Amino acid sequence: MAEAGVPAQRQSPRLRLQGISKQFPGCLANDQVDLSLAPGEIHALLGENGAGKSTLVKIIYGVLKADSGSLHWNGARISITSPSQARGLGIAMVFQHFSLFESMTVAENVALGLDDKVRLDVLANEVGEIGRRYGLILDPERVVHDLSVGERQRVEIVRCLMQRPRLLIMDEPTSVLTPGEAEALFVTLRQLADEGCTILYISHKLSEIRALCDRATVMREGRVVETCDPREETAHDLARLMIGEDFSQASKSGTAQFGAPRLRVRNLHMAATAIHGTDITNLSLDVAAGEILGIAGVAGNGQNTLLAALSGEQLADDAATIEIEGQDAGQLGPRRRRRLGLAFVPEERLGHGAVPEMSLVDNALLTGYDRQDLLSRGSIMFARTRDYAERIVNSFQVVAGGIGANASSLSGGNLQKFIIGRELLQQPKILVVAHPTWGVDAGAAAAIHTALLELAEQGTAILVVSQDLDELLQISDRIAVLTAGRLSECMMTAAVDVTQIGLLMGAHVAENATANDGEKRAPQT
Amino acid sequence: MRPRLEARLGVSRTMVYATPVMALLLTMAFGSILFAALGQHPPAVLYAFFVQPISSAYGLAELTVKATPLVLCAIGLSFGFRANIWNIGAEGQLTLGAIAGGGVALWAGENAGPWVLPAMMLAGLLGGAAWAAIPAYLKTRFNANEILTSLMLTYVALLLLSYLVHGPWKDPQGYSFPQSRMFADSALLPLLTMGTRLHLGAPVALFVALAAWWVMARMFIGFQIKVVGLTPAAAGLAGFSVRRLTWITLLTGGALAGLAGLFEVAGPIGQLLPSISPGYGFTAIIVAFLGRLHPVGILLAGLLIALSYLGGETVQIELGLPLAVAGVFQGMLLFFLLATDVLVRYRIRWGRKVITQEAG
């Protein structure tokens, strides 16, 4: 694709920001930020929660307006006042929080993202085309509601690629992908960069940035602290630049002694509630006191069904299939399982783990009411509840406008810290946690990992479902892989073979890819 | 260039409470245009509609009498509406409450003791709740839409009342009029002030509103209702049973509507008639929303809508305007309320469609 315009433009940066500042009430989100993105470059944007990355990106994408400073697109000074204008210029963005219509199909969602009208069948072909070309396999007919997080992200990426962008902004794109998929995405991104597209890549996975990006801009407290070549820095140096101080990564010592099993699942069969969900077939597992069991796997392989079965949101046919602290719990609902000592962190924070329109106090009450004794004869004890919310916020350094702030006003990372803190302070005997650090930056992720490890040391049995294999390798004692609703053998993490895990995770993806070539796909088993 | 709605970034809290007032002002403005078109002098009509009915102690008492069933029904509905349970059949539940409570009064006859009034209230509550139990069962068992079932059951209830007063419960000395015997004095609600129709129902409605506020603001069950309405998935996670809350909200709504019906027949009416309510159960839906589903708001909205009933009667008597004016006013009020609500949440933009996305 040739760029229209004079050759001289190739020398000027695709996008240059100069002295961008943005003030929010009580917080200078961007302070004199300079950023220059060359054509065909993959540029990393690094920073902690609240460092100002999101604000900067929103300014580039026309969602927010800068208070001062200038934007130059291909050398010409412009002002971007709306996302549609940004898209018109050739700026596309894959958001961390997806903006998809749940009740519509993949193809319809892609169509809605386009500014021009396109026939749906033509579009469906094109979606398949782009999917094959860039390894983003999708069935255009499927309804988004039934897609996993990983699959939804593919829809977002394809939607952007449909517009043939000149600048593609990616916010934490690999957090839901397997190593193999991430590698495939990098191939895609490099391919795009070779075609002349600039990529602004926001991530906290430093190893990935060092493998992929040509340059990195590190932000802290709204300012640019460094622009460097990430390949010449160590991951530790980058993290230090980002956080501003030294930090240590928690990991499992590997010598811990485990107690008796606290959570046992025996031959669990469970049908998925969603139409395209994956059924769980004959799944058995044990988690012992003090142990962290990691469940790896690509999204859409039965994680949601398994999590619903464990939380009690979906009951098992046979009470004996799930045992909590030695008691048959398969027929107990979430409230009674919590009383037995179960705590649960779901995959989706807003809208499942928390009520967006309610305050942190109310959201603390949401799951803490029994184990924190927040009720008295049917009435809410507000003083105790506020105190509990306050303790969560303080113990987990949740950045929020007070405990009266709505859950929706928190950033993803801070809300995740709040939800994890809410469950941890209930001193659970068993903790089931889904994607504990998805979309959370390095500092917050380290804090969450440390908290999980401490909890295990105190004798809690922890089951972590995650797509982030690095995370599971770092914190879990044993790892099993969930593929098409079946669980592999549990392997000791110390002795684990990463390629083998990758293959187990990928088995289902390969199956899908071949099945997808014939237009209609047979229902998953 | 077509107009389209674009979501505002934030919803102003002040505006949420200001919209009912704006809706009222708009209703008055457009009502004036309507009156002018009918050849009337708008200020005179507005005076007759809004001021004249409540310029006497008797008028104020009448206002309270009319507001009582509206507030009771609307409070009951608001629990369900908060939990996304759309009970549209309060009118039917009100009717069943009147039948059950009135049945007790007729059964007790002249020799009723002081126990009869409490027994009637209990019967009214149970009658309304029983009628609401049908949609609750159909919803929880078969996932039948409660909007349809509760609405259709309203007509069944009205026909049942009609059958009773035309048949088995018809007053033998009533010259064949379709009406029951008059209730005994002990089966009538005590009047609060002489010379008016103000009865015990008004303080009960006030108490119910305060209790509802306590339940929603301080009780765990109120919290559960709010969570289910806002985010069903979070309610599932927390172990709140949607099934249980469906039953509770529908039964409560039905019981309060039934009590309102009993108050009508044991208060202003004093017997069972084929028609015991000018649509209080339906109008209560407007009252609930006008009051922002908040008990205090519902009290104020109940008084305002009650005024529209009285105002309609006054302009009919004084100016010869049709009684339908009251219905037009209520309809306009709801219309403007919904319209201003939309504009609080969205702004109108002219131009091409744009998908706005929210950054993380």
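These legends describe views of a predicted model.

**View 1. Overall build of chain B in the predicted model.** Chain B contains 13 helices and two strands. Its C-alpha trace extends over about 75 × 60 × 35 Å along the principal axes. The radius of gyration of chain B is 22 Å, which agrees with the value near 21 Å for a compact globule, because chain B has 360 residues.

**View 2. Burial and contacts within chain B.** Of the 360 residues in chain B, 48% count as buried. Among contacts in chain B with a separation of 6 or more, 76% join residues that are 24 or more positions apart.

**View 3. The contact between chain B and chain A.** Chain B gives 21 residues to this contact, and chain A gives 42 residues. On the chain B side, the elements giving two or more residues are α8 (220–230) and α9 (232–238). That side of chain B holds 13 nonpolar, six polar and two charged residues.

**View 4. The domains of chain A.** Chain A is divided into domain 1 (10–243), domain 2 (254–341 + 428–525) and domain 3 (349–427). Domain 2 of chain A is thus written as two segments, 254–341 and 428–525.

**View 5. The contact between domain 2 and domain 3 of chain A.** Domain 2 of chain A supplies 14 residues and domain 3 of chain A supplies 12 residues. On the domain 2 side, α10 (334–340) and α14 (442–457) of chain A each give at least two residues. The largest share of that side, five residues, comes from α14(A). By class, the domain 2 side has nine nonpolar, one polar and four charged residues.

Notes
Residues numbered from 1 in each chain as written. Chains lettered and ligands numbered in written order. Predicted model: local features only at pLDDT ≥ 70, side-chain atom pairs only at ≥ 80, totals over all residues. Helix = DSSP H or I, 4+ residues; strand = E, 2+ residues; numbered from the N terminus. Rg over C-alpha atoms; globule rule 2.2 N^0.38 Å. Buried ≥ 20, exposed ≤ 12 C-beta atoms within 10 Å, placed from the backbone. Contact = placed C-beta atoms within 7 Å. Nonpolar A, V, L, I, M, F, W, Y, C, P; charged D, E, K, R; others polar. Domains from an automatic or database assignment.
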